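Biologist: I should like a close look at a single part of this model. Please describe that part in a connected account.

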Amino acid sequence: MAIDRIDVNVTSPGRNFVTVQVTTSDGLTGLGDATLNGRELAVASYLRDHVAPTLIGRDESQIESTWQYLYRSPYWRRGPVTMSAISAIDMALWDIAAKKAGEPLYKLLGGASRTGLLSYAHASGTTLERLNDAIRGYLEQGFQAVRIQAGVPGLEEIYGVHDASPGGKYEYEPAGRPASGGPLRPTEETWDTRAYLRHLPTVFAGVREEFGPEPRLLHDGHHRMSPIEAARLAKDIEPYDPFWLEDCTPGEDQAVLRLVRQHSVTPLAIGEVFNSVHDYQTLITERLIDYVRSSATHAGGITGLRQIMSFAAVYGIRSGFHGPTDVSPVGMAANLHLGLAIHNFGIQEYMPHSETTLSVFRTSYRFEGGLLHPGETPGLGVELDLEAAAAHEYQPAYLPVNRLRDGTVHDW
Ligand code: GCO
Ligand code: MG
């Protein structure tokens, strides 16, 4: 058997997704997620123009060798575009291997290490009251862990904060679309770190007061703090027993995490924008983080993410794979299969995709009693309905840009 075709599908059922479909000479197909939010077409072109032509005729069972070939052959290695492309091909080849074996992918990765994956939901609200309503809704659905993001007095739109309609879902963090007729530009938000640092500990206090010690509470700092600010926040929320503080600093300067560690025992999670094991070298060997935030979609697929988790296992660091709605259901399934199999699983982010998205991507993973399970369908367990996908044309979209009050561009 050999790789016969590689198709790259771009569809926008509520938001943009890039999916690779690899077809073998005997008609088996595998899917891979290559979605890079806000830069989708760069990855689609990389795959169509630079990757697909080099793989036709290749033995589809040589997954590791293909990964190394795609990683080393361009000479210009790593980076989000290259690694998202590699991720998608790798996932598709694993999907094919598992379908060929007639087994759900996790069985090829060593089998289940647990009955299901502890998952966290995204609760947010512009006020503490609304945030608490959102948390209550998720706890009622069975979640044992929630990420809490709240409005900061004096700031309008900020990352991760939306009021959900009572009992309903919201389309989280929709990438901004151009206003009709106007030029296509990212929307802009205003940020004030001092106001945030003052406010967030009061949010943690209010949530603990309402829900007690049991729910696991997470928070995403979204790269917006300097090292000393991050150290202060980690220290200030520590009394409320946070499960983790995510992306407290931009993270690419790995050594600054030493400073945060010196000041608190708040567990730290980093890595959703990383794309290789090398980005984690200092963080892992010095145990500067507790959770790896990468996803199979951006860190080189199952092969790349497994490499990171094997390295992390030696240092007692666990997974917290990235699972926002801009990771497609295909990427989500890949995270779940790997998470079920590895020993050092920690927690899985879970933002259910919209019904529109799920009408294009048919999934077999399930959520029960706060735990996710990838299901027993052979392969990844996700199907792409090409006809339904064709009805949702690509929509140019950007993520927002953040500025300090004086106009200085800041991390969003
Ligand atoms: C998270 C992430 C996302 C990112 C998004 C960008 O923790 O889930 O921070 O919300 O902002 O993936 O495209
Ligand atoms: Mg994040």
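In what order do the 3 strands of the open sheet stand, and is their pairing parallel or antiparallel? Please also describe the helices that lie across the strands and the contact with domain 2.

Modeller: The model is predicted, and its confidence values come first. The pLDDT of the chain averages 95, with 96% of the residues scoring at least 70. For the complex, the predictor reports a pTM of 0.97 and an ipTM of 0.99.

The 3 strands form an open sheet in the order 1-2-3, and their pairing is antiparallel. Strand 1, residues 3-11, and strand 3, residues 29-33, are the edge strands; each has a single partner strand, so one side of each is left without a neighbour in the sheet. From one strand to the next, the twist averages 20°. Strand 2 covers residues 17-24 and pairs with strand 1 over 8 bridges in the antiparallel sense. Val10 stands opposite Val18, a residue of strand 2.

Two helices lie across these strands. Helix 1, made of residues 40-55, lies across strand 1 and strand 2 and runs at about 170° to strand 1. Helix 3, made of residues 80-101, lies across strand 2 and strand 3, and its direction is at about 145° to strand 3.

Helix 3 can be checked for length and for burial. At 1.5 Å a residue, its 22 residues should span 32 Å; the end C-alpha atoms are 31 Å apart, which agrees. A residue counts as buried if 20 or more other C-beta atoms lie within 10 Å of its own. By that criterion, 17 of the 22 residues of helix 3 are buried, so this helix is largely enclosed by the rest of the structure. Just after helix 3, Gly102 takes a positive phi of about 70°.

The sheet and helices can now be placed in the chain. The domain assignment gives domain 1 as residues 3-104 and domain 2 as residues 108-381. Taken over C-alpha atoms, the centres of domain 1 and domain 2 are 25 Å apart. Their contact takes 34 residues from domain 1 and 36 residues from domain 2. On the side of domain 1 that touches domain 2, at least two residues each are supplied by strand 2, strand 3, helix 2 (63-72) and helix 3. Helix 3 gives the largest share of that side, 13 residues. Helix 3 thus appears in two settings: it lies across strand 2 and strand 3, and it supplies residues to the side of domain 1 that touches domain 2.

Methods:
Residues are numbered from 1 along each chain as its sequence is written. Chains are lettered from A and ligands numbered from 1 in the order in which they are written. This is a predicted model: local features need pLDDT of at least 70, side-chain atom pairs count only at pLDDT 80 or more; totals for chains, interfaces and linings use all residues. Two strands pair if DSSP finds at least two bridges between them. Helices (H or I, at least four residues) and strands (E, at least two) are DSSP runs, numbered from the N terminus. Axes are lines fitted to C-alpha atoms, for helices over the stretch in contact, and angles run from 0 to 180 degrees between N-to-C directions. Two residues are in contact if their C-beta atoms, placed from the backbone, lie within 7 Å. pLDDT is the predictor's confidence in each residue, from 0 to 100. The expected span of a helix is 1.5 Å times one less than its number of residues. A residue is buried if 20 or more other C-beta atoms lie within 10 Å of its own, exposed if 12 or fewer, and partly exposed in between; C-beta atoms are placed from the backbone. Domain bounds come from an automatic or database domain assignment.
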